[in-house]
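Visitor: I'd like to go through this one term by term. Could you show it to me and then tell me what earns each label?

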Amino acid sequence: MQTVNIHEAKTQFSRFVDQAEAGEEIIIARAGKPVARLVALDTVTSKPRKLGLGKKNFTFPKQFDRVNASEIVEMFEQGK
């Protein structure tokens, strides 16, 4: 764990971010007293979603592809 003062942290910020990203913990101090800690964020890995979780939660009408078909056709034909 490395401790640096605020002025040094400002002037060398990119270097300290790279070090934190590599796993090092950097303590930032003001007048010798620790005030902040610079550490890498945990990487968030999203898990693939499982298919079929809502299978029994809802149903579709039998003629789902024809529901309101005439209204939909009318909306498209208005632009003629």
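**What earns each label**

Guide: Let's start with Asn-68, which counts as partly exposed at 44% relative accessibility. Keep in mind that this is a predicted model.

Visitor: Why is Asn-68 called partly exposed?

Guide: Buried means under 20% relative accessible area and exposed means over 50%, with partly exposed in between. Asn-68 comes out at 44%, so partly exposed is the right label. The residue sits in the loop between S3 and H3.

Visitor: What makes the phi of Asn-68 worth a remark?

Guide: Its phi is near 60°, a positive value in a residue other than glycine. Most residues other than glycine have a negative phi.

Visitor: Which other residue has a positive phi although it is not a glycine?

Guide: That's Ala-31, with a phi of about 55°. Ala-31 is found in the loop between S2 and S3, and the hairpin of these strands has two residues between them.

Visitor: What makes Ala-31 exposed?

Guide: The cut-off for exposed is over 50%. Ala-31 has a relative accessible area of 79%, so it gets that label. As for its place in the fold, the C-alpha atoms of Ala-31 and Asn-5 are separated by 7.3 Å, with their positions 26 residues apart along the chain.

Visitor: On to the sheet. How do you know that S1 and S2 pair?

Guide: Two strands pair if there are at least two bridges between them. S1 and S2 have four, in the parallel sense. As one example, Thr-3 stands opposite Ile-27 in S2.

Visitor: And what makes S2 and S3 a pair?

Guide: The requirement is again at least two bridges, and five join S2 (residues 26-30) to S3, running antiparallel. Among the facing residues, Ile-27 stands opposite Arg-37 in S3, while Arg-30 has Lys-33 of S3 as its bridge partner.

Visitor: Why is the pairing in this sheet called mixed?

Guide: Strands of a sheet pair either parallel or antiparallel. Here S1 and S2 are parallel, whereas S2 and S3 run antiparallel. The three strands form an open sheet in the order S1-S2-S3, with mixed pairing. Strand S1 (2-5) and strand S3 (33-38) are the edge strands, since each pairs on one side only. From one strand to the next, the twist averages 35°.

Visitor: Why is S2 described as largely enclosed by the rest of the structure?

Guide: Buried takes under 20% relative accessible area. Four of the five residues of S2 are buried, so the strand is largely enclosed.

Visitor: What about Ala-36: buried, exposed or partly exposed?

Guide: Ala-36 lies in strand S3. Its relative accessible area is 36%, so it is partly exposed. Leaving aside neighbours within four places in sequence, Ala-36 is in contact with Ile-26, Ile-27 and Ile-28. The C-alpha atoms of Ala-36 and Ile-6 are separated by 9.6 Å, and these two are 30 residues apart along the chain.

Visitor: How do you know that Glu-8 and Arg-15 meet in a salt bridge?

Guide: The test is a side-chain nitrogen of Lys or Arg within 4 Å of a carboxyl oxygen of Asp or Glu. For Glu-8 and Arg-15 the N to O distance is 3.9 Å, and the side chains meet in a salt bridge. The structure holds one salt bridge. Glu-8 is partly exposed at 28% relative accessibility, and Arg-15 is partly exposed too, with 36%.

Visitor: One last label. What makes Val-67 eligible for the nonpolar surface patch?

Guide: Patch members need over 30% relative accessible area. Val-67 has 38% and is partly exposed, so it clears that bar. Phe-58, Phe-60, Phe-64 and Val-67 make the patch, which is about 440 Å². Val-67 lies in the loop between S3 and helix H3 (69-77).

Conventions:
Residues are numbered from 1 along each chain as its sequence is written. This is a predicted model: local features need pLDDT of at least 70, side-chain atom pairs count only at pLDDT 80 or more; totals for chains, interfaces and linings use all residues. Side-chain values use heavy atoms; hydrogens and water are left out. Axes are lines fitted to C-alpha atoms, for helices over the stretch in contact, and angles run from 0 to 180 degrees between N-to-C directions. Patches are made of residues with over 30% relative accessible area and no salt bridge: like charges are joined within 9 Å, nonpolar side chains (Val, Leu, Ile, Met, Phe, Trp, Tyr) within 5 Å. Accessible areas come from the Shrake-Rupley method with a 1.4 Å probe; for residues, only the protein chains shown count as cover. Buried means under 20% relative accessible area, exposed over 50%, partly exposed in between (1.4 Å probe, protein chains only). Contact means heavy atoms within 4.5 Å.
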